[in-house]
Amino acid sequence: MIIGSTLVMAVREVRRNTMRSILTGLGIVIGVAAVILMVTLGDAASRKVTADITKLGTNLLIVSPGSERRGPVAVTAPALTISDATAIGREVTAVGQVAPTTNKSALVVFGNLNHNTTVTGSTNAYFAVRSHPVARGREFSDAELQGGASVCVIGDTIRRELFRHQDPVGATLRIERVACTIIGVLTAKGSGTFGGDQDDLIVMPLATVQRRLLGSTDLSAIFVSAVDDASTTRAKTQIEGLLRQRRRIQAQQADDFSVQDMKEITKTLGTVTGVLTGLLAAIAAVSLLVGGIGIMNIMLVSVTERTREIGIRLSIGALGSEVLFQFLVEAVVLSTLGGVIGLVLGLLGSYAACSAFHMPFAVVPWVVVLAVVFSVAVGVAFGYFPARRAAALDPIEALRHE
Amino acid sequence: MSEHPLLELIDVRRRYGSGDAEVFALAGASLTIAEGEFVAVMGPSGSGKSTCLNVLGGLDRPTSGNYWFRDVDVGALDRDQLARFRRHYLGFVFQGYNLLARTTALENVELPLVYRGVGRRERRAMARQALADVGLANRESHTPAEMSGGQQQRAAIARAIVTNPSLLLADEPTGNLDSVRKDEIMQLLVALNRDRGITIVMVTHEPEMAAFASREVHFRDGLVEHDHRRAA
């Protein structure tokens, strides 16, 4: 029999029982929509994470003291010092810029307003390595850096909290007990991946923070940029080698410091979101299965209802295989229709959810293809049994059926 | 009338059930039908006339004996071969019309052509012609529910003859109709037999209908009891 006429008959049959067809297809609609929604949202989330980390700088490496492994017993590792930073800058070829940093949380006061923030002591390299340039004003001068001058560059949140609409450049802030002149304002970066505000900080010359706020020459971390995106792994290996040597770590001993590579962190986060997405999609796929069973149920009812019609077709000369094909096509039309509607709903839902959560919306091509292929497959798988039952009917019995 | 045999039943038995419940609907019936005959098959209920028609139509297979259709041993065909046999040589008319519900007369008549793989345009033209032949040219787009019993039976006859079958099998074709319609349907069958040379085997229990045929075969207890040709 011609495929075209079978398809026409199937579509007509589906339209004849509109309400029943809608309800039958609903299972597939919900299943496909749920899978699309889960995968698209998961993809958007991991895209956002990646984009946020890229904002931090993909060629960024963070060297910090202490092992990455956290056990019940805290092992105090020797701190990093400015000479470590200098050595990295001097000896590691794959390294571009090095920004030794130290941190202290402090209360900042201007006039009658105050704000709790983090004060970072570093060099001008910090602005480049963290991809966080000065928007207004200037960076530190060499004299300021060497002399530990009381100057600072403030993040956009500090400007907003303490200065509102005034120009902060040139004003004097009080950081704890230290009076400090503002020489620049950083560009606004917005919130980070983990919800933290990346603009809530004050940068001062390293020497100033060490001498006047901390009274210690320890560094909390060294931010390093690789010469380019491709050399982060090489830079990491070289830094590890150098620090093991400088800290006299024996061959079989573990590192007592860590070098984190932003790319690795991105990859790890990507894996985590990927696993989560897969899990959610798998749960959603269960509803596809339920939808398939719904189709099988209705097709079985339909075969019983149309026993006489099957008898007529058989007596006219339809082959068993043609009757089977007809019912199979009907099931596939139902499931594919459900799949396509589910696809549209899923994409619309994802779009709405992405805008609501400020995530970048993008269609994931493979899941679209998979959803359609899967809904066709559900139709074939769950339509086969009822169709075979129809094809196996005895024509005389079927014709007698009321 | 040609004396060429179209089909031949030789000592055909059809058994239902087994053991104590064993019943022979056909108990060794033999029957030869020539091309172009119009045969009325009669007999009380349970005489085996319906089973005979099912065997002739390839819907049922003899338990033993042979059924030759021209030079084909129909009794030896498998399910799919039987379907193809029906598709190419047979047309069926039933007591209950058996048109597809909610489907127009034209589409009903097209159905056998769909299974023959006839293209859409040609199919449509042939179906229109067949409907015109039975006098339903103006009922093409009516569904069975919108037609009277007589019209439905005409549409069913159109469906049976649209493929130009060698053999038309009719099972009580007038059973559900009033006497005027009965007459019309019988006239139509006679005309098809006379003008187009279609061999017709019709099961009926009404002698008035059997009178239209050129030959009467009476069944009793699964055997042919009488068989007589009417003088033309």
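**Strands, chain B and its contact with chain A**

Trainee: In strand β6 (residues 90-93) of chain B, which residues on the two sides are buried?

Mentor: A residue is buried if 20 or more other C-beta atoms lie within 10 Å of its own, exposed if 12 or fewer, and partly exposed in between, with C-beta atoms placed from the backbone. Strands (E, at least two residues) and helices (H or I, at least four) are DSSP runs, numbered from the N terminus. In a regular strand the side chains alternate between the two faces of the sheet. Both faces of β6(B) are covered, and the buried residues are B:Leu90 and B:Phe92 on one side, and on the other B:Gly91 and B:Val93.

Trainee: What kind of model is this?

Mentor: Residues are numbered from 1 along each chain as its sequence is written, while chains are lettered from A and ligands numbered from 1 in the order in which they are written. Local features need pLDDT of at least 70, side-chain atom pairs count only at pLDDT 80 or more, and totals for chains, interfaces and linings use all residues, this being a predicted model.

Trainee: Which residue is the bridge partner of B:Leu90 in β7(B)?

Mentor: Two strands pair if DSSP finds at least two bridges between them. β6(B) and strand β7 (residues 167-171) of chain B have four bridges, in the parallel sense. In β7(B), the partner of B:Leu90 is B:Leu167.

Trainee: Which are the edge strands of the open sheet β2-β1-β4-β5 of chain B?

Mentor: The four strands of this sheet pair in the antiparallel sense. Strand β1 (residues 5-16) of chain B, for instance, pairs with β2(B) over nine bridges, and B:Val12 has B:Ala29 in β2(B) as its bridge partner. Pairing on one side only marks the edge strands, β2 (23-34) and β5 (72-73) of chain B.

Trainee: What radius of gyration does chain B have?

Mentor: The radius is taken over C-alpha atoms, and the globule rule is 2.2 Å times the number of residues to the power 0.38. For 232 residues, a compact globule would come near 17 Å, and chain B agrees with 17 Å.

Trainee: Which helix supplies the largest share of the side of chain A that touches chain B?

Mentor: Two residues are in contact if their C-beta atoms, placed from the backbone, lie within 7 Å. On that basis, 17 residues of chain A are in contact with 18 residues of chain B. At least two residues each come from α1 (3-16), α10 (307-316), α11 (320-356) and α13 (395-400) of chain A. The largest share, five residues, comes from α10(A).
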